[in-house]
Every structure is written in C-alpha cells, then in structure tokens.
Amino acid sequence: MADPSNEVCPDFTLDCYQPLCNALMAHAENPQQVFEDMVQMWTVEHNQWVATWIERQCTEALLAEEANEVHLLQERESKHLAEAEAERERAEVEKKKPKMNNFDDEVEVGNVIIPHPSQYMILKLKNYEFIELWYFSPKGCRDVAKSSSSIMEDTFGISKVDDILTMHHVAALKQSCNVVNDCNLPILDFFCAKNSFLVHVEHAGWLKKHINALVEFFWHLKNHPIFNCRHGNTVILLYAHHVRRSWHNNLKCGTAFNISKVNDTLMNAFNKEVVDLRRNDVLRKASLPPPISSPSVRRTN
C-alpha cells in the first residue's frame with residue numbers, strides 16, 4: 001500500500017464531479033458551500049487513511065523487529081550449541097589421549113616390587129570373583145609372563161560381564177594350565193601371595209570394608225593355634241580355600257558373611273578330615289606286604 005500522505009485533494013470544479021455537485025446543491029445555499037463540504041469530506045477521509053497507514057507501518061516495523069530479534073536469538077543459540085558440541089568432542093578426544101602422571105620427587109623406589117599378575121586375574125578381580133592366590137605368587141607371575149609372550153598381542157576374545165559382551169585380549173580370558181590350587185600351595189607361598197593379592201584388590205576398586213575383612217582373615221589364619229599343630233599348614237590352606245571361595249560366591253548373591261571371623265568348628269572339622277586322611281594313608285601303607293627282594297646272585301671267579 002502506497003503512502004497516502006502524498007495524495008492531494010482533487011479539484012471538485014472539474015466536469016467529472018459535476019453530477020455529485022448537482023446532487024449536493026439540493027441541500028446547500030450556494031455552489032461554493034458544496035465545494036467546501038466536498039473538500040472537507042475528502043480531507044477527513046484522507047486523514048483517516050493516513051492514520052491507518054501509519055499505524056500499519058508501525059505494526060509491521062514492530063513485527064519485523066521482533067522477527068529479527070528471534071532470528072538473532074536462534075542464531076546465537078545455534079552457535080552456542082555448536083560451540084558446546086565442539087568443546088565436548090574436544091574434551092572426549094583429550095580424555096582418550098594417554099596422559100603421563102606426575103611423580104613425587106621425595107619418594108624413592110620401595111624395598112619390594114609387587115609382581116604384576118595376568119590380565120585374566122585382573123578381570124576376575126574387577127568382577128569380584130574368586131581366584132587362586134597362585135596367580136599372585138612370584139611363580140605364578142613368571143608363568144604369566146612366559147605364556148603371554150607366546151600369545152599375539154592383537155589376538156582378542158569375547159567375554160560376557162553383566163549380560164554385556166566385551167572384547168579382551170586372549171590372555172585376559174585364558175586360565176593358566178599351571179595354576180596351583182590354594183590347598184596345594186606351600187604355606188610360605190600362600191602368605192607371600194596374599195600380600196600381592198591385597199594390593200591388587202585395592203587397585204581394582206574393592207570397598208575398604210571388604211579389604212579390611214580380608215586383611216583380618218589372613219591375620220587370624222597365620223596366628224591361629226592350629227597353625228602350630230602337626231598338620232596345621234594343610235588345615236589352614238584347606239580352610240582358607242573353601243571359606244574364601246564360599247565368601248565370593250555368597251557376595252554375588254548378596255548373602256556374604258564376615259570372612260574375618262574364624263569359625264573354629266569348621267576349622268576343627270577340616271583338621272579332623274586331614275588327620276583321618278593321614279591316618280588312613282599310614283594304615284594303608286602299613287598293610288601293604290613288604291616288597292619282594294630279588295635273590296642275590298653269587299659271583300664265581
């Protein structure tokens with residue numbers, strides 16, 4: 001719509017307006033009054049059109065300004081989201097980059113270096129599963145180092161943890177064929193391996209309550225009176241193996257007991273079992289007939 005303020009009042013004395021003037025003359029005193037009334041009516045109507053046009057222009061300008069503000073706001077928001085996404089991607093990339101931790105200038109190397117066990121063992125610990133202490137002994141760690149060197153590092157296998165399939169190196173899924181049951185470990189190797197075991201369960205993120213219970217468990221075993229008996233080593237190893245395995249199994253079911261408390265009734269039952277086995281073994285050997293010696297051959301010259 002064109003700006004009506006530029007329009008000028010028409011000349012009502014022209015012949016084209018004569019019929020309108022003649023119709024208005026019936027109610028006017030003279031022709032001049034008719035022309036003045038027509039000019040006045042046009043002026044009133046013209047002013048209304050100008051006012052309407054100005055109002056419409058203001059409304060359109062306001063709407064255009066609001067639309068522009070909305071557009072600018074959307075652009076800023078889109079830019080902010082794009083920058084946030086780019087920053088998140090940069091943070092993810094930075095997070096995946098290997099980082100070198102700092103070290104303490106005042107700390108020296110320790111007197112003892114804890115052997116590094118297998119990936120199979122570490123995976124077991126992270127899943128809070130039972131694992132033989134042999135894996136934490138120096139012999140077990142040497143066996144792992146020897147066997148891992150024969151397995152290609154890019155060989156992977158699949159394991160299932162909490163209904164989720166996960167890829168791991170084959171070394172992390174394979175149990176050593178040389179593993180020794182806790183019951184058959186030398187007692188010194190058993191208590192030596194438990195130190196490395198306690199260190200690695202802490203690295204695996206076990207709860208402090210569970211770690212403290214295991215510390216007390218091993219302490220009570222080493223200081224139990226039956227430890228000094230004739231077959232005490234065998235009884236202690238037998239008790240430790242069965243109790244620790246049962247504790248891990250019950251942990252999965254949410255019914256675990258306090259492993260730090262030694263059950264003397266169970267300990268005595270294992271002691272009786274060992275004593276009976278040794279006595280039966282002695283009786284069996286005693287009942288065997290003596291070996292037949294081969295006759296001596298007299299040598300003649």
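Two residues are in contact when heavy atoms of one lie within 4.5 Å of heavy atoms of the other. The legends below use the word in that sense and describe a predicted model.

**Figure 1. Overview of the chain and its secondary structure elements.** The chain contains 8 helices and 2 strands. Followed along the sequence, these elements occur in the pattern α-α-α-α-β-β-α-α-α-α. The chain has 301 residues, of which 25% count as buried. Among contacts between residues at least 6 apart in sequence, 63% join residues at least 24 apart.

**Figure 2. Helix α2, residues 31-96.** Helix α2 comprises 66 residues, and at 1.5 Å a residue it should span 98 Å. The C-alpha atoms at its two ends are 97 Å apart, which agrees with that expectation. The buried residues in this helix are V34, M38, W42, H46, V50 and W53.

**Figure 3. Helix α3 and the loop that follows it.** Helix α3 covers residues 119-126, and its buried residues are Y120, M121, I122, L123 and L125. Just after α3 comes Y128, with a positive phi of about 60°. Y128 is a residue other than glycine with a positive phi value, and it lies in the loop between α3 and α4. Its relative accessible area is 42%, so Y128 is classed as partly exposed.

**Figure 4. Surroundings of D143 in helix α4.** Helix α4 runs over residues 138-148 and includes D143. Because buried means under 20% relative accessible area, the value of 13% places D143 among buried residues. When neighbours within four places in sequence are left aside, D143 is in contact with W134, S176 and N178.

**Figure 5. Packing of helices α5 and α6.** Helix α5, residues 187-203, packs against α6 at an angle of about 170°, and the two axes are 10 Å apart. The two helices are therefore roughly antiparallel to each other, since angles over 145 degrees count as such. On the α5 side, the contact is made by F190, F191, K194, F197, L198, V201 and E202. On the α6 side, the participants are K208, I211, L214, V215, F218, L221 and K222. By class, this contact has 10 nonpolar residues, 4 charged residues and no polar ones.

**Figure 6. Packing of helices α6 and α7.** Helix α6 (residues 208-222) and helix α7 (residues 232-253) pack at an angle of about 165°, with their axes 11 Å apart. That angle makes α6 roughly antiparallel to α7. The crossing of these two helices is right-handed. From α6, the residues H210, L214, F217, F218 and L221 take part in the contact. They meet I236, Y239, A240, V243, R244, W247 and L251 of α7. Sorted by class, the residues of this contact are 10 nonpolar, 1 polar and 1 charged.

**Figure 7. Surroundings of R278 in helix α8.** Helix α8 covers residues 264-287, and R278 is found within it. With a relative accessible area of 37%, R278 is partly exposed. R278 and H231 are 47 residues apart in sequence, and their C-alpha atoms are 9.1 Å apart in space. Leaving aside neighbours within four places in sequence, R278 is in contact with H231 and T234.

Definitions and conventions. Residues numbered from 1 in each chain as written. Predicted model: local features only at pLDDT ≥ 70, side-chain atom pairs only at ≥ 80, totals over all residues. Heavy atoms only, no water. Axes fitted to C-alpha atoms, helices over the stretch in contact; angles between N-to-C directions. Helix = DSSP H or I, 4+ residues; strand = E, 2+ residues; numbered from the N terminus. Parallel < 35°, antiparallel > 145°, perpendicular 65-115°, else oblique. Left-handed = near helix turned anticlockwise from the far one by under 90°. Nonpolar A, V, L, I, M, F, W, Y, C, P; charged D, E, K, R; others polar. Expected span 1.5 Å × (residues − 1). Buried < 20%, exposed > 50% of the residue type's maximum accessible area, 1.4 Å probe, protein only.
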